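Hi,

Here is the structure I promised to send over. Have a look at it first, and then read my notes underneath.

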Amino acid sequence: MNIPHNFNSYYTEEQFEEISANFNGKAEYENGEIVLSSNTSIKHNSIKGNILSFLILYFKGSKCRPYDEQKEVIFKNESELHKYKPDIFVMCDNPQKQGESFITPPKIVFEIVSRSTANHDYITKLYVYQKFGVLEYNIVEQNGFIVQYSLVDGQYQITNTFKTGDVYKSSVFSDLSIDLKDIFE
């Protein structure tokens with residue numbers, strides 16, 4: 001796909017929507033810049049499916065529901081606009097929507113890191129999720145590690161790191177836990 005060359009590296013929201021509609025992969029909007037990533041690997045999809053399956057069962061019958069990258073979350077204020085498709089995220093109560101996109105921040109986000117998205121996940125998204133109030137952000141490394149950031153007094157703190165043999169425990173939902181072998185098998 002050819003993205004129109006823009007000398008200022010700034011794209012309008014309308015240009016993004018047009019490019020996104022014609023791109024076969026994941027397209028996210030980063031305050032005027034477009035971040036494109038190719039379709040994910042089998043390993044990435046397996047990890048995502050394992051986490052999502054567990055969360056679907058865990059939240060069944062509650063006021064919370066997990067979603068995957070098929071749904072967009074918009075983070076917007078007077079000076080910033082970010083349109084992300086987190087790998088997995090949890091929305092609770094009655095989140096606000098704009099069309100099919102959520103405009104309420106998720107409670108929890110899981111991003112499964114790929115080599116091509118690592119900087120975006122570890123730096124840019126961490127900043128945006130913190131700024132807009134995502135309570136828990138989990139960066140999932142495909143080699144069996146999870147780094148958990150929890151929002152404490154408006155700032156992210158690494159509250160846990162999980163590795164093979166550990167059990168992931170949510171900092172938001174005290175009884176939510178997943179054995180890492182069930183995530184990375």
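Below is what I found, going from the whole chain down to one link inside it.

Before anything else: this is a predicted model, so please read everything here as computed from it.

The overall picture first. The protein chain has 185 residues, and a compact globule with that many would have a radius of gyration near 16 Å; the chain comes out at 16 Å, so the two agree. Along the principal axes, its C-alpha atoms fill a box of roughly 50 × 35 × 30 Å. On secondary structure, I get 4 helices and 14 strands.

How is the inside packed? Buried residues account for 44% of the 185. If you take contacts between residues at least 6 apart in sequence, 50% of them join residues at least 24 apart.

As for the outside, the accessible surface is about 10,100 Å², with 48% of that belonging to carbon and sulfur atoms. Charge-wise, there are 18 positive and 25 negative side chains, and the centres of these two sets sit 5 Å apart.

Now the bit you may like as a bench person: the cysteines. The structure holds 1 disulfide, and it joins Cys64 to Cys92 with an S to S distance of 2.0 Å. The pair ties together distant parts of the chain, 28 residues apart: Cys64 belongs to strand β3 (residues 64–68), and Cys92 to strand β6 (residues 88–92). The link is right-handed, with 105° about the S-S bond. Are these two cysteines buried or exposed? Both Cys64 and Cys92 are buried.

Cheers

Key
Residues are numbered from 1 along each chain as its sequence is written. This is a predicted model: local features need pLDDT of at least 70, side-chain atom pairs count only at pLDDT 80 or more; totals for chains, interfaces and linings use all residues. Side-chain values use heavy atoms; hydrogens and water are left out. Helices (H or I, at least four residues) and strands (E, at least two) are DSSP runs, numbered from the N terminus. The radius of gyration is taken over C-alpha atoms; the globule rule is 2.2 Å times the number of residues to the power 0.38. Buried means under 20% relative accessible area, exposed over 50%, partly exposed in between (1.4 Å probe, protein chains only). Contact means heavy atoms within 4.5 Å. Accessible areas come from the Shrake-Rupley method with a 1.4 Å probe; for residues, only the protein chains shown count as cover. Lys and Arg count as positive and Asp and Glu as negative; His and the chain ends are not counted. The place of a charge is taken as NZ of Lys, CZ of Arg, CG of Asp or CD of Glu. A disulfide is a pair of cysteine sulfur atoms within 2.5 Å.
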